[in-house]
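Thank you all for making time this morning. I would like to walk through a few places in one model, taking the empty spaces and then a pair of helices.

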Amino acid sequence: MYRTNTCGELRISDVDSKVTLAGWVQRTRKMGGMTFVDLRDRYGITQIVFNNEKNEALCEAANKLGREFVIQIKGTVTERSNKNPNMPTGDIEIIADELNILNKSDVPPFTIEDDTDGGDDLRMKYRYLDLRRNAVRKNLELRHKMAFEIRRYLDSKGFIEVETPVLIKSTPEGARDFVVPSRMNPGEFYALPQSPQTFKQLLMVSGFDRYFQIVKCFRDEDLRADRQPEFTQIDCEMSFVTQEDVLQMFEGLVKHIFKYVKDIDFTEPFPRMKWADAMRLYGSDKPDTRFGMLFVELKDLTGGKDFKVLDDAEYVGAIVAPGCASYTRKQLDNLTEFVKRPQIGAKGLMWVKYETDGSVKSSVSKFYSEEELKTWLERADAQPGDLMLILAGETMKTRKQLCELRLQMGTELGLRDPQKFSCLWIIDFPLFEWDEETQRFYAMHHPFTSPNPEDIEKLETDTGNVRATAYDMVVNGNELGGGSIRIHDSRLQNEMFRLLGLSDEEAEYKFGFLMNAFKYGAPPHGGLAFGFDRFVSILAGLDSIRDVIAFPKNNSGRDTMIDAPSEIDDSQLKELNISILPIEK
């Protein structure tokens, strides 16, 4: 037996017990004739004491231990004279009688501690070492517990977990597919699923009624903090349901997990906000509602002053930052540079300070009188001491820029507390979005989303204003997930394909199997998918889903630990009937 106990298990009640522990050396300290070793495993840390007077050879061996050596010790549990209240095992220590080195270790490339000296790239290269750190391990333990609790909850509601295929047909209508060549079918390819969408609909046709799966999905798209090329969804579908049924069911799941993980009781129903209102008030379909600073439209108050920037603008919008009239010119210049960054793209920033004495100062006071500027402030219900920040331009583009500015101000003012949670549903999304470049409509969610029954008659005559029976769950400005009621009528589905520019032949080639299934009695159905990685990261108070994935990719989609993706042998390419074109520089 390598151990009788773990390194996080022993307490004062175990004093005088003979124990055997095994783990990694966290650190060693030599003090006079004593050597102290902190021994670590997944469960915690226990202090081991080697006494030179008691056993000189054993103490000498302990002095040669390096960080991350794997050792076994045998000894007696004693009460510590200098207790450590910050450690669960801080009341005891082990007086060592025997030391066995199970494996030596090279000096690790960074310290295996919560406050490590290793940068992101280094830690990703040696991820197996990074996973030894307490902070990282806790994230994966939280992920494990949440997965089990989600399964328990959905099982209690009558859901069945069904695994769906990983090698499927490519239907590139959203993000890019990852494709896999088939050796047995030369020149043909599988795709890795972006979601199990069509399969879960087929399961509804099959009569399974309530399906779920905690499932791996794949998208070949540019990465950011909340994206990975492979990610995990809580994928769900239900038959004989309306939108209200779906929202009630999965709001219950979210509330249950918040209670289970954070002991937070959401007793009131989550607010519901229409997509159009979210864009008008927040410039985002995933608004962070932990704080105010809602958009105020000023276009009708700004014209006719021979100020071209505002006169020519389609939209003039503002936010009010409470208590920020004291911002210095340098702070205002920094905000201007922030909104002018290429990823935001504003041409400039205007401001109005409502001083505490009631006077007004502004970057546009050359064009507007104090009385006129005060009408802007009154429109926004600003108070003395507040700062109004203004952007102008094309409506949708400027709202998105103002959204970024609002979030930046929320961060600067400490209003985005990761331990405060604000949840809501976004509903009434547009069914379609128009792409100027290709001059065609695309499905805002996916082509199986049902139009709002009230808007079906608009499909031909007012296509861009048709609402979807779709919904997103938003938590702290993050899209936790979303879904829709699906089209279950073949004729309506074919009309949807036509409006999306798919010919009958294309629709048959890509989705014929689903259309055929609908001919055999498809029930009304709908569902959603939550981003599991994102859900865990939100509850862990993290900005990136990468920190809750055991072996994530970097921002270039590479696994630097195993050096993937990589080239493959010519023999493998030949076997697959594939040739590689020269890479264009």
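**A pocket, two cavities and a helix pair**

Let me begin with the second largest pocket, which in this predicted model is lined by 23 residues, with Gln26, Ile45, Met87, Asp114 and Asn134 lying nearest its centre. If you follow the chain through the lining, the elements that each contribute two or more residues are the strands β1 (18-31), β2 (34-41) and β3 (44-51), together with the helix α4 (134-156). The volume of this pocket comes to about 460 Å³. As for the chemistry of its wall, the lining has 11 charged residues, alongside 6 polar and 6 nonpolar ones.

Now to the enclosed spaces. Rolling a probe the size of a water molecule over the atoms shows where empty space is left. How many cavities of 30 Å³ or more does the structure hold? There are 2 of them, and I will take each in turn.

The largest cavity has a volume of about 60 Å³, and its lining is made up of Met124 and Arg127 together with Phe551, Pro552, Lys553, Asn554, Arg558, Asp559, Thr560 and Met561. Sorted by class, those lining residues are 4 nonpolar, 4 charged and 2 polar.

The second largest cavity, at about 30 Å³, is lined by Asp120, Asp121, Met124, Arg546, Asn554 and Thr560. You may recognise some names here, since Met124, Asn554 and Thr560 appear in the lining of both cavities. By class, the lining of this second cavity has 3 charged residues, 2 polar and 1 nonpolar.

Let me finish with the helices. Two packed helices are described by the angle between their axes and the distance between the axes. For helix α14 (residues 490-499) and helix α15 (residues 504-518), the axes come within 10 Å and cross at roughly 165 degrees. Because angles over 145 degrees count as roughly antiparallel, α14 is roughly antiparallel to α15. The crossing of α14 and α15 is right-handed.

Which residues make the contact? From α14 they are Ser490, Gln493, Asn494 and Phe497, and from α15 they are Ala507, Phe511, Met515 and Phe518. Taken by class, the residues in the contact of α14 with α15 are 5 nonpolar and 3 polar, with no charged residue among them. For the discussion, you might set that beside the lining of the second largest pocket, where 11 residues are charged.

Definitions and conventions:
Residues numbered from 1 in each chain as written. Predicted model: local features only at pLDDT ≥ 70, side-chain atom pairs only at ≥ 80, totals over all residues. Heavy atoms only, no water. 1 Å grid on protein atoms, 1.4 Å probe; cavity = no way out; pocket = protein on both sides within 12 Å on 5 of 7 lines; lining within 4 Å. Points joined across faces, edges and corners; volume = space filled by probe spheres on them. Helix = DSSP H or I, 4+ residues; strand = E, 2+ residues; numbered from the N terminus. Nonpolar A, V, L, I, M, F, W, Y, C, P; charged D, E, K, R; others polar. Axes fitted to C-alpha atoms, helices over the stretch in contact; angles between N-to-C directions. Parallel < 35°, antiparallel > 145°, perpendicular 65-115°, else oblique. Left-handed = near helix turned anticlockwise from the far one by under 90°. Contact = heavy atoms within 4.5 Å.
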